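Please walk through the interior of this protein, looking at the spaces left inside it and then at a helix within it.

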Amino acid sequence: MTQQGSSARHRLVPSPAGRIHLVEQGDGPLVLLVHGFPEGWYSWRHQLPALAAAGYRAVAVDVRGYGRSSRPDAVAAYRMLDLVADNVAVVRALGEESAVVVGHDWGSAIAANSALAEPDVFRAVGMLGVPYTPRGGPRPAEVFARMGGDAGQEEFYVAYFQEPGRAEAEIEPDVRGWLAGFYAALAAGTMPPPGAASPYFVGGGGTLRDRFPAGPPPAWLGEDGLDVCAGEFERTGTTGALNRYRNMDRDWEDLAAFDGAPLVQPSLFVAGAQDASVAWLADAIGAFPDTLPGLAASHLLDDCGHWVQQERPDEVNRILVDWLAGLPA
């Protein structure tokens, strides 16, 4: 399994958020790596050396609100177009004109919208875990409010995250324990078995953590990796990360000009076959011939959950390097 090499460099660069912290390794065409929730640049620790060895300048950012990047106070400062602007600022700060952007989870949506809104900057887009879903349909808050499990007696996690302070009150008294359970709940081999109560829903008067598996973190993360992730959120809190969820209606309004728009750049999709997002968004994956006309390949990895580039780093690295090698210069 690949590991981060000593040649990785940490930097702070200016952005509309104030500053973005990034870790870069290698020289060559720029590949920008964007993480999801609740992670950070560290989730790309296996991809940085692999991409560098293949001849690329690999750069993993802490999205605004995470790690050593700026954490604006206003909830509205975490809207999608602001995160797109951060990505553009990173490319410019690194002295580049364009980049390939690859994202996982929320990072997949940030990568896709970066390519959609700034096609002259982002020449290709890789999406991990969450497929491209064009803007459209009803207001997101209405959709998620209706997604109650168990005959409407449960609350979907996205709706649960909407009220500022509510999820923070669950997570922050024991960040390390909460993260261990959350990572395990969405990973192959440790996620709850079929028929068990879903960790994506909150029962009446309960918390998300009530349904997380107990025990150590998944083997692909380990105690040391969990220490890294927990240490960041213990220092920063979780509000900046959770504020991404609190801007979905703003994004729906801001991105109205892109309603139903296809993503025309060369693209790639990779996900774990056991990732719930694959089932929830099966229609989006089925629509790829229309929504992703530049799609080179779509990979579903067996025996893999949500944390695809960490659960299956070597396979993901091979897929990324092969795809990058086939892109137009």
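In this predicted model, the structure holds 4 cavities of 30 Å³ or more, and the largest of them encloses about 80 Å³ of space. Its lining is made up of 13 residues, with Val63, Tyr66, Leu83, Ile110 and Arg244 lying nearest the centre of the cavity. Two or more residues of that lining are contributed by each of helix H3 (106–117) and helix H10 (239–242). By class, the lining of the largest cavity comprises 8 nonpolar, 3 polar and 2 charged residues.

The second largest cavity has a volume of about 60 Å³, and among the residues that line it are Ile20, Val34, Val61, Asp62, Arg64, Asp86 and Asn87. Val63, Leu83 and Ile110 also belong to the lining of the second largest cavity, and these residues are named among those nearest the centre of the largest cavity as well. Helix H2 (residues 80–93) gives the largest share of the lining of the second largest cavity, namely 3 residues, while the classes represented there are 6 nonpolar, 1 polar and 3 charged residues.

From the cavities we turn to helix H8. Because 9 of the 11 residues of helix H8 (residues 175–185) are buried, with under 20% relative accessible area, this helix is largely enclosed by the rest of the structure. The buried positions in H8 are Val175 together with Trp178, Leu179, Ala180, Gly181, Phe182, Tyr183, Ala184 and Ala185. As for what surrounds them, the buried residues of H8 pack against helix H7 (166–171) and helix H9 (222–236).

Conventions. Residues numbered from 1 in each chain as written. Predicted model: local features only at pLDDT ≥ 70, side-chain atom pairs only at ≥ 80, totals over all residues. Heavy atoms only, no water. Buried < 20%, exposed > 50% of the residue type's maximum accessible area, 1.4 Å probe, protein only. Helix = DSSP H or I, 4+ residues; strand = E, 2+ residues; numbered from the N terminus. Contact = heavy atoms within 4.5 Å. 1 Å grid on protein atoms, 1.4 Å probe; cavity = no way out; pocket = protein on both sides within 12 Å on 5 of 7 lines; lining within 4 Å. Points joined across faces, edges and corners; volume = space filled by probe spheres on them. Nonpolar A, V, L, I, M, F, W, Y, C, P; charged D, E, K, R; others polar.
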